[in-house]
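Biologist: Please take a close look at a single part of this model, the nonpolar core, and then place it in its surroundings.

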Amino acid sequence: MKETGTFYRRDRGWHPPPLTPQYKTSVLRSPRLAPLSLENTISELTGPVFGHDILGARDNDLIVNYAKSGEAIGPRINVYGRVLDENGRGLDGVLVEIWQANAGGRYRHKKEGYDAPLDPNFGGCGRTITDSDGRYWFRTVKPGPYPWPNRVNDWRPAHIHFSIFGHAFAQRLITQMYFEGDPMIWQCPIATGVPDREALEQLVAALDRNNSTHMDSLAYKFDIVLRGRRSTPFENKREGN
Amino acid sequence: MVQKLDHLKETPSQTAGPYIHIGATPNFSGIEGVYAQDLGKTMVGRDAKGERITIVGRVLDGLGEPLKDALIEIWQADAAGLYNSQQEKRGKADPHFTGFGRQATDYVTGEYRFETIKPGAVPFVDGRPMAPHITFWIVARGINVGLHTRMYFSDEAAANAKCPVLARLEHQRRVDSLVAQRSDKGGRATYHFDIRLQGENETVFFDI
């Protein structure tokens, strides 16, 4: 079965709605009018292709990819998983980009307002491309929680940002990965913008003791699901599909 | 009981947050030496076919203030109307044009800028031509799910009037929110395209 069909409709009720007033910035940045529904055209069914030629050898190892005088400091972790579609099929050749705060919860960014120190050996970005089964992995340090200006004394739970390109622009997704056992996930106005508890649990990576590296790092498993596409032999293949 | 469909659910979206530049445009954000070049920075090769154009604009919030921490990605066909994608089955796109661009809005002014080419028309699902357009995807702090929209061209009025997608809009005066205005200076076209997240003249966003 070829991947040629149109995509399953995005379940907007599974995603956070545009307006989540407890996350204050969403108030002025959320569209108020209904989006225009459009069946997929060739403009949405295609998407950019990124080859391994863009990758450097250390792009997916955040402990060393910015290192100046030593390695990044913090609890060392492997983050791994698969990029799948809603049919459960692994997606190969998918560019996965991540960014995160350092172990103290500080981002290397000029607009950062938190006093925790920068780590001179940690930049905070990484990227990789999934293999033929949709697998990816990163090596990094566990990011710290940090305070942010929303309501007084709001803190973000530890998280890693993920940006994923699928096989088509209709699958484009940015999300965040949280860590198993963190009580602050359920207090976070951004995380809890996801209305369904089961949906939010989909963003919580599982601690996987079986895949820790001996005397080096713990492992967290985080699978990512992108939109699935119809692939029945009966789909009406009109021009443009 | 019936059989289970066994479909998975799409991973829920989360905001890109204020620090997306670290991951998406690290060189722009001052994190140098990790990636040789920011992804999507250069779209057009020297030998690419088509009219060179510049697109500039801002992303405006509900009070009309520009976002200074947004990231915009664009995706478009080449001059002949072919996408540089594995999913493109109609022919081979221009190898000197990527079709994909990514730019951050300026930290001070909030302006974004793309150097690209003018795309050709591509067909709608029923084979009728859609007017030339560029897909825009906008993410930023405060945007919970990335916003899809399209940019059309002010100098394609006849094609726009016949575009089956633009014809879908119940309130036709909203078409203007999708049309970039052309100006020519020094032999090069610049299209101005502001995106309004809410308020009067809110941009039409697409649920694709």
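Modeller: In this predicted model, the largest nonpolar core has 108 residues. Those with the most contacts inside this core are A:Val83, A:Ile164 and B:Ile138, and the element that gives the most to the core is β9(A), with 5 residues.

A:Val83 can be followed outward. With neighbours within four places in sequence left aside, A:Val83 is in contact with A:Ile164, itself among the residues with the most contacts inside the core. The other contacts of A:Val83 on that basis are A:Gly90, A:Leu91, A:Val94, A:Val96, A:Thr130, A:Gly134, A:Tyr136, A:Ile224 and A:Leu226.

The contact between the chains comes next. Chain A puts 75 residues into the contact and chain B 65 residues. On the side of chain A that touches chain B, the elements giving two or more residues are α1 (26-29), β1 (36-37), α2 (42-45), β3 (95-99), β8 (159-164), β9 (173-179) and β12 (224-226) of chain A. Thus β9(A), which gives the most to the core, is also among the elements on this side. By class, this side of chain A has 32 nonpolar, 28 polar and 15 charged residues.

Strand pairing also joins the two chains: β1(A) pairs with strand β12 (residues 206-207) of chain B in the parallel sense, over 2 bridges. Within this pair, A:Ser37 stands opposite B:Asp207 in β12(B).

As for confidence, the model scores ipTM 0.97 and pTM 0.96. Chain B has a mean pLDDT of 97, and 100% of its residues reach 70 or more.

Technical notes: Residues numbered from 1 in each chain as written. Chains lettered and ligands numbered in written order. Predicted model: local features only at pLDDT ≥ 70, side-chain atom pairs only at ≥ 80, totals over all residues. Contact = placed C-beta atoms within 7 Å. Helix = DSSP H or I, 4+ residues; strand = E, 2+ residues; numbered from the N terminus. Nonpolar A, V, L, I, M, F, W, Y, C, P; charged D, E, K, R; others polar. Pairing = 2+ DSSP bridges. Core = buried A, V, L, I, M, F, W, Y, C linked by C-beta atoms within 7 Å. Buried ≥ 20, exposed ≤ 12 C-beta atoms within 10 Å, placed from the backbone. pLDDT = per-residue confidence, 0-100.
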